[in-house]
Amino acid sequence: MPKFLRIGLHQSNVSGYTSKAWCVRRVGSAVFLKWGAVEVLGAGAGRKVYWTRLPQEKTVRCGTAQRAQDYAKAAIARRRNHRYEPLTGSIASRPRSAGRDAGPKQALATILIVDIVSSTEKAAKLGDTRWTKIMGHYYAAVRKELKSSRGKEVVTTGDGVLATFKAPAAGIGCATAIRKAVRTLGLDIRVGLHAGEYTMSGGEMVGLAFHICTRVAAKARADEVLVSSAVKDLLKSQSQIRFRDHGVHQLKGVPERWRLWRVEY
């Protein structure tokens with residue numbers, strides 16, 4: 001069964017991140033598809049890939065073997081054209097620790113989402129080889145600042161990173177440090193931050209706070225760091241951080257209207 005792993009960074013020397021995998025298999029006139037979130041541990045020949053939860057599956061019945069073969073070839077071509085790499089070896093179920101609580105866990109934190117502005121256009125202009133190299137430097141810079149700020153990476157999504165912080169000031173400091181670091185790569189980023197409660201279930205962050213943060217980041221322009229009023233209210237005593245009113249916005253799919261603030265330092 002051909003397998004593909006989404007390329008979000010230079011895979012050969014990085015461990016401990018989440019991504020997405022696809023599996024495509026043809027049997028006679030049917031094509032079997034399997035996909036879902038995975039965790040990658042180790043690097044190089046010792047790399048291991050695990051499903052973070054049960055993958056989704058789909059069977060496509062094409063009527064004839066030739067149609068099934070064409071369908072499978074097209075599916076594989078789409079994976080290659082959407083920044084996936086062929087994956088060797090198996091994808092295993094993630095083993096659980098003996099005393100680990102399998103139930104969902106709630107937490108309260110400052111959530112940060114960062115992504116690259118106009119990444120598709122930049123990738124098309126630079127070509128796969130050069131873009132993959134830049135993405136490797138990009139993720140290295142992001143992870144360096146997350147470590148310095150004691151942020152916890154939750155997931156990578158294409159060219160985006162979602163992380164959490166115990167303190168909102170640490171999240172804002174990390175966001176501005178990332179913005180400065182990636183300028184040398186010729187990249188523009190946008191960042192959104194929100195503070196709230198979320199739930200971790202099956203290795204995935206769920207809850208309204210996550211969706212609000214996603215929408216806040218979507219409102220940011222190139223080189224902007226936007227925060228929700230929830231973050232600003234927690235920082236009233238942090239006089240060294242300055243904000244400019246960014247207006248009241250309707251966040252897609254989120255109840256009520258939200259006032260956003262742009263970080264000025």
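The following conversation goes through the cores, aromatic pairs and charged side chains of a predicted model.

Biologist: Before the details, how many helices and strands does the chain have, and what share of the residues counts as buried?

Modeller: The chain has 6 helices and 15 strands, and of its 265 residues 43% count as buried. Among contacts between residues at least 6 apart in sequence, 64% join residues at least 24 apart. The chain exposes about 14,300 Å², of which carbon and sulfur atoms supply 49%.

Biologist: What makes a group of residues a nonpolar core, and which residues have the most contacts inside the largest one?

Modeller: The residues must be buried, belong to a set of types that includes Ala, Leu and Tyr, and be joined through side-chain atoms within 4.5 Å. The largest such core has 33 residues, and those with the most contacts inside it are Tyr138, Ile172 and Leu193. At least two residues of this core come from each of β8 (105-116), α3, β10 (160-165), α4 (168-182), β11 (189-201), β13 (225-228) and β15 (257-263), with α3 giving the most, 8 residues. A second, separate core of 13 residues includes Phe4, Ala72, Ala75 and Tyr84.

Biologist: Why is Tyr138 called buried, and what does Tyr138 touch?

Modeller: Buried means under 20% relative accessible area, and Tyr138 has 0%, so Tyr138 is buried. Leaving aside residues up to four places away in sequence, Tyr138 touches Val114, Asp115, Ile116, Asp159, Val182, Leu185, Leu187 and Ile189.

Biologist: How many aromatic pairs does a search of the whole structure find, and why is the pair of Trp22 and Trp35 called stacked?

Modeller: The search finds 2 aromatic pairs. Ring centres must lie within 6.5 Å for a pair, and planes under 30 degrees apart count as stacked; Trp22 and Trp35, at 4.9 Å centre to centre and 15° between the planes, therefore satisfy both conditions. Trp22 lies in strand β2 (residues 17-27) and Trp35 in strand β3 (residues 30-41), so the pair ties together parts that are 13 residues apart in sequence. Both Trp22 and Trp35 are buried.

Biologist: What makes the pair of Tyr138 and Tyr139 edge-to-face?

Modeller: The angle decides this, because planes over 60 degrees apart count as edge-to-face, and Tyr138 and Tyr139 have 75° between the planes with 5.0 Å centre to centre. Tyr139 counts as buried at 1% relative accessibility.

Biologist: How do you know that Arg143 and Glu153 form a salt bridge?

Modeller: The rule asks for a side-chain nitrogen of Lys or Arg within 4 Å of a carboxyl oxygen of Asp or Glu, and the closest N and O atoms of Arg143 and Glu153 are 2.8 Å apart, so the pair qualifies. The pair links distant parts of the chain, with Arg143 in helix α3 and Glu153 in strand β9 (residues 152-157), 10 residues apart. Glu153 counts as partly exposed at 22% relative accessibility. By this rule the count comes to 8 salt bridges.

Biologist: Why is Glu145, also in helix α3, said to have no salt bridge?

Modeller: The nearest side chain of opposite charge, Lys144, is 5.3 Å away from Glu145, and a salt bridge needs a distance within 4 Å, so Glu145 has none, although Glu145 is buried. Not counting residues up to four places away in sequence, Glu145 touches Cys174, Ala177, Ile178 and Ala181.

Biologist: Which salt bridges do Arg259 and Arg262 form, and why is Asp245 called partly exposed?

Modeller: Arg259 forms a salt bridge with Asp245, the closest N and O atoms being 2.7 Å apart. Arg259 lies in strand β15 and Asp245 in strand β14 (residues 243-250), so the pair ties together parts that are 14 residues apart in sequence. Asp245 has a relative accessible area of 40%, and because partly exposed covers the range between under 20% and over 50%, Asp245 is placed there. Arg262 forms a salt bridge with Glu224, with the closest N and O atoms 3.3 Å apart, and both Arg262 and Glu224 are buried.

Methods
Residues numbered from 1 in each chain as written. Predicted model: local features only at pLDDT ≥ 70, side-chain atom pairs only at ≥ 80, totals over all residues. Heavy atoms only, no water. Buried < 20%, exposed > 50% of the residue type's maximum accessible area, 1.4 Å probe, protein only. Lys, Arg positive; Asp, Glu negative; His and termini not counted. Contact = heavy atoms within 4.5 Å. Helix = DSSP H or I, 4+ residues; strand = E, 2+ residues; numbered from the N terminus. Areas by Shrake-Rupley, 256 points an atom, 1.4 Å probe, with all protein chains shown as cover. Phe/Tyr/Trp six-rings, centres within 6.5 Å; stacked < 30°, edge-to-face > 60°.
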